[in-house]
Amino acid sequence: MNAQHVRKSFVEFFKIRGHTHVPSSSLIPQGDPTLLFTNSGMVQFKDCFLGTRAAPEKNSAVSVQRCVRAGGKHNDLDNVGYTPRHHTFFEMLGNFAFNGRFQKEDGIRFAWEFLTQDMRLPEGRLAVSVHESDKHSWDLWHHKIGVPADKIFRFDSDNVWMMGDGAGPYGYCTEIFWDKTGNPGDSHDDRWLEIWNVVFMQFRKDASGLHAGDLPALCIDTGMGLERLMSVLQNVRSNYETDEFQALIGAICARLGLSQEARLSAKVETALRVVADHLRAMTFLVADGVVPKNVGRGYVLRRIMRRAIRYGAELQRAAGLSSSAPFLSDLCPVVAEIMREAYPYVMERIDSVCSIVNGEELSFLRTLDQGLGMLNSFFVSKAAAVQNDAPQVTIPADLAFDLHDTFGFPIDLTATIARDAGALVDLPGFDQLMNKQKATSKQNSLQGSASRSVPPPPIRELWMKAALKSSFVGYDNLKVL
Ligand code: ATP
Ligand code: MG
Ligand code: MG
Ligand code: MG
């Protein structure tokens, strides 16, 4: 079963049950400044839940929503590449009911029937969770659907769902999990894959996040990750092993000339997963109108792109290339082609997507090696200390700040590199330096250009200074990076 078949089956299933098909909205939430990106299917229906906007026809909807979770309350950027189930960009299959159109039992039954009948998942491999105070849902699962009591987990905070921290609807939820191994000895995380969240939107909270009363009527809001469902249907252990991801990863390897032998390294596999994930995210974000910038949404996109560029440089080294060149922009059309049937508009905008991605690659590649060299020099200077069982190495705030300010390393990129090297970053110190810089530039702009501080030295000069301070040992020794 391929992804397009599943998208269509999902929409058909709910249309037959009286839901209106609503197309995916943009990744940029319309008229909602509290949210960075569309992070779930309910975002476009937020006001319908609150009762401040008319609900779709038939008081119900079904959608396949493109989502990004790379900032704000639901942020999976740091998970990507390290867990088998998290992406920055993913698709959420969802059904929704407004103004009491469907009851809890309907929401639960629809989800169960779609999985066990249409998708033919064996009931014995599924389990569910409910909020510990939600006896009604427990009863429905057990008495109406027939889920055995030992397959109904009762959780607390995990089973309350809200879109973000600001004002909006929220409610208790019940989730469906897939048993990956069938082995009771495995940890919860290794064994149970969360696939579908069925939320019963019942309450409102205010801008400070405090409970502010009930919604006019019970609403249903569900979301299932398409990539996770595909991993179950295709019987693979990770989303990245599904056919669409394998096609993209194969194209990355072919473009870079990465051999099967090089792919035996766990580090290379992680880098491939990150690059594949981030390629999808940047292609869709740019196609939806986001451009890399130093603030707001554009900065999140820039962080995603720069991470991909850095992991891409690692892949190029693993492929035996002596220096890094732009390649991500060559692969955006592959993303668009794989998803063409569901998202034809991406291919229509692919030329401008490629040129924006290529521009960011060219600009960051100018400073990436220099910044990595600085970090490497730092790690080399600390290597002796590490061997002597000294406390964990911490990248000092001034180095992290230099990397940010001069070499364009977003702080989370420095933190990722540190994590891969088993080191830490002085984040509070970095924040202090950032705040100081902000205060100074505010003061300077108040005083006018005449009193501007000395401009920063050109990149080359700083780099030389740093290289002289610590002995740079060449790229062959960049093992820690
Ligand atoms: P997890 O606990 O695995 O991080 P979640 O509880 O944060 O997931 P929900 O907010 O409940 O996820 O979203 C509904 C569904 O969307 C999930 O059950 C999952 O199938 C899918 N999903 C959520 N986050 C991601 C992601 N980062 N990448 C891919 N699919 C996701
Ligand atoms: Mg999550
Ligand atoms: Mg969860
Ligand atoms: Mg969940």
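By class, the shell of residues around ligand 1 in this predicted model comprises five nonpolar, six polar and six charged residues. In total, 17 residues surround the ligand, and the closest are Asp 76, Phe 90, Asn 197, Gly 223 and Gly 225. Four elements give two or more residues each to this shell: the strands β3 (89-97), β8 (192-205) and β9 (211-225), and the helix α6 (226-233). Of these, β8 supplies the largest share, with four residues.

Helix α6, which contributes to the ligand shell, also packs against helix α1 (residues 3-16), at an angle of about 115° and with the two axes 11 Å apart. Because of that angle, α1 is roughly perpendicular to α6. The crossing in which α1 passes α6 is right-handed. On the α1 side the contact is made by Ala 3, Val 6 and Arg 7, and on the α6 side by Leu 226, Leu 229 and Met 230. By class, the residues of this contact are five nonpolar and one charged, with no polar residue.

A second helix pair is formed by α3 (residues 104-118) and α4 (residues 135-145), whose axes come within 10 Å and cross at roughly 50°. The two helices are therefore oblique to each other. Here, too, the crossing is described by its hand: α3 passes α4 in a right-handed crossing. From α3, the residues Lys 104, Glu 105, Ile 108, Arg 109 and Trp 112 meet His 136, Ser 137, Leu 140, Trp 141, Lys 144 and Ile 145 of α4. The residues of the contact between α3 and α4 divide into five nonpolar, two polar and four charged.

The description can now turn to the domains. According to the domain assignment of the protein, domain 1 covers residues 3-233 and domain 2 covers residues 242-480. Taken over C-alpha atoms, the centres of domain 1 and domain 2 are separated by 33 Å. The contact between them takes 21 residues from domain 1 and 20 residues from domain 2. On the side of domain 1 that touches domain 2, the elements giving two or more residues are α1, β2 (60-68) and α6. That side of domain 1 has eleven nonpolar, seven polar and three charged residues.

Helix α6 thus recurs in several settings: α6 gives two or more residues to the shell around ligand 1, packs with α1, and gives two or more residues to the side of domain 1 that touches domain 2.

Definitions and conventions:
Residues numbered from 1 in each chain as written. Chains lettered and ligands numbered in written order. Predicted model: local features only at pLDDT ≥ 70, side-chain atom pairs only at ≥ 80, totals over all residues. Near = placed C-beta within 6 Å. Nonpolar A, V, L, I, M, F, W, Y, C, P; charged D, E, K, R; others polar. Axes fitted to C-alpha atoms, helices over the stretch in contact; angles between N-to-C directions. Parallel < 35°, antiparallel > 145°, perpendicular 65-115°, else oblique. Left-handed = near helix turned anticlockwise from the far one by under 90°. Contact = placed C-beta atoms within 7 Å. Domains from an automatic or database assignment.
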